Amino acid sequence: MQHLQAAARAHTNIALIKYWGKKDQNLILPMNSSLSLTLDKFYTDTFVEYLPNLHEDIFFLNGKQKVDPKIKIFMNLIRQVTGLNVYAQIKSTNHVPTAAGLASSASAYAALSLAATAAAGKIYSKTELSRIARRGSGSATRSVFGNFVEWVAGNDDQSSYARPVKIMNDWDIRMVAIVVDSRPKKISSRSGMQTVVETSPFYHSWVKTANEDLKNIKKALKNGSFETFGTIAESNALKMHALNLSASPHFNYFEPQSLVAMNAVEDMRTQGVQCYYTMDAGPNVKVICKNKDLDVILEQLHRYFPSDHLLVAAPGPGVELLNN
């Protein structure tokens, strides 16, 4: 049999309206819809080659062989979807800190979805790919598309997918990732959100307000109100982290420097600089701003953080095939 191979690149996305909790663990169906921004700075390159002499999938991450049960489960899904019952060698390189709240799993599974299906000789629409990527990591469904993306929660495999969000503004948006800690987080997103869904007394209210936040932030994107957009994103992130504190056992992703970053952003707003923060499941803080204010913001943040801990990103593209 001819060796089938393909390589793909996918960029991370940062959720502005968060997904935090599943109603179906197997299909990875979220409790609420979400919205994100795909970033150009952080991405994953993945090469997949199907080899008939293999007896199991072999996975390399950043040049080192890893045993990852999730990858094997996902590749079984790929074989089911494509009909190609051959094991693969997978080589993945993360150009983003792994498992540190910078959405490395989103770019990883989006890239793997395209590379694995293309290597199998199958061509899927991005909507179809977003459904496949979702089964590896929920947030990966959004990394299939570029710029602003909505993940429609849905109620089954077909109705839960990502779609691009049209914007009617000229914000020239930027995001500054403040890397407080690039080490893997102590509590995985999967474990943390499950604990919250099962134990937080405020979870029902979260789902209701998250859906309202999504509706209102889409309005802000449409009418060009950056202040409303940023305020909603920041508030939504804080509500998500408040859920973690209300869980049993309670937990949080904050570190002292996370609070320093948050306070710095709030201080800049009192000085008239339009900037807002968000945080995913990790200690690293992301600052949302316009490009015209970037120099001022970086100057202020340099008071607290070294330059190599401040990573500037612009809106990035969707998943794409690479030349092997």
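How many residues make up the hairpin that joins strand 11 to strand 12? The hairpin joins these two strands through 5 residues, and this tour will return to the place after a view of the whole chain.

**Before starting**

Residues are numbered from 1 along each chain as its sequence is written. This is a predicted model, in which local features need pLDDT of at least 70 and side-chain atom pairs count only at pLDDT 80 or more, while totals for chains, interfaces and linings use all residues; side-chain values use heavy atoms, with hydrogens and water left out.

**Stop 1: the whole chain**

Display the entire chain as a cartoon. Its secondary structure comes to 9 helices and 14 strands. Here helices (H or I, at least four residues) and strands (E, at least two) are DSSP runs, numbered from the N terminus. The radius of gyration is 19 Å, close to the 20 Å that the globule rule gives for 324 residues, so the chain is as compact as a globular protein of that length. That radius is taken over C-alpha atoms, and the globule rule is 2.2 Å times the number of residues to the power 0.38. Along its principal axes, the C-alpha trace spans about 65 × 40 × 40 Å.

Next, display the surface. The accessible surface comes to about 14,100 Å², of which 50% belongs to carbon and sulfur atoms. Such areas come from the Shrake-Rupley method with a 1.4 Å probe; for residues, only the protein chains shown count as cover. Of the 324 residues, 55% count as buried. Buried means under 20% relative accessible area, exposed over 50%, and partly exposed in between (1.4 Å probe, protein chains only).

**Stop 2: the two domains**

Colour residues 5-168 as domain 1 and residues 173-313 as domain 2. These bounds come from an automatic or database domain assignment. The centres of the two domains, taken over C-alpha atoms, are separated by 23 Å. Where the domains meet, 35 residues of domain 1 are in contact with 47 residues of domain 2; contact means heavy atoms within 4.5 Å.

**Stop 3: an open sheet**

Select strands 10, 11, 12 and 13. These 4 strands form an open sheet in the order 11-12-10-13, with antiparallel pairing. Two strands pair if DSSP finds at least two bridges between them. Strand 11 (275-279) and strand 13 (310-313) are the edge strands, each pairing on one side only. Neighbouring strands of the sheet are turned by 25° against each other on average, direction ignored. For such angles, axes are lines fitted to C-alpha atoms, for helices over the stretch in contact, and the values run from 0 to 180 degrees between N-to-C directions.

Now show the side chains of strand 11. Is this strand mostly covered or mostly open? Strand 11 is mostly covered, with 5 of its 5 residues buried. Cys 275, Tyr 277 and Met 279 point one way, whereas Tyr 276 and Thr 278 point the other way. In a regular strand the side chains alternate between the two faces of the sheet.

Continue to strand 12. Strands 11 and 12 run antiparallel and are joined by 5 bridges, and Thr 278 stands opposite Lys 286 in strand 12. The hairpin of the opening question links these strands. Strand 12 (residues 285-290) also pairs with strand 10 (residues 173-178), in the antiparallel sense over 6 bridges. Met 175 stands opposite Ile 288 in strand 12.

**Stop 4: helices on the sheet**

Add residues 226-246, which form helix 7. This helix lies across strands 10, 11 and 12 and runs at about 30° to strand 11. Then add helix 8 (residues 256-270), which packs on the sheet and touches strands 10, 11 and 12. The direction of helix 8 makes about 160° with that of strand 11.

**Stop 5: unusual backbone angles**

Most residues other than glycine have a negative phi, and most peptide bonds are trans. Select Pro 249, in the loop between helix 7 and helix 8. The peptide bond from Ser 248 to Pro 249 is cis, with omega near 0°.

Move to Ile 28, in the loop between strand 2 (22-24) and strand 3 (29-30). Its phi is near 55°, a positive value, and at 2% relative accessibility Ile 28 counts as buried. Finish at Asn 62, in the loop between strand 5 (58-61) and strand 6 (64-66). Asn 62 has a positive phi of about 55° and, at 40% relative accessibility, counts as partly exposed.
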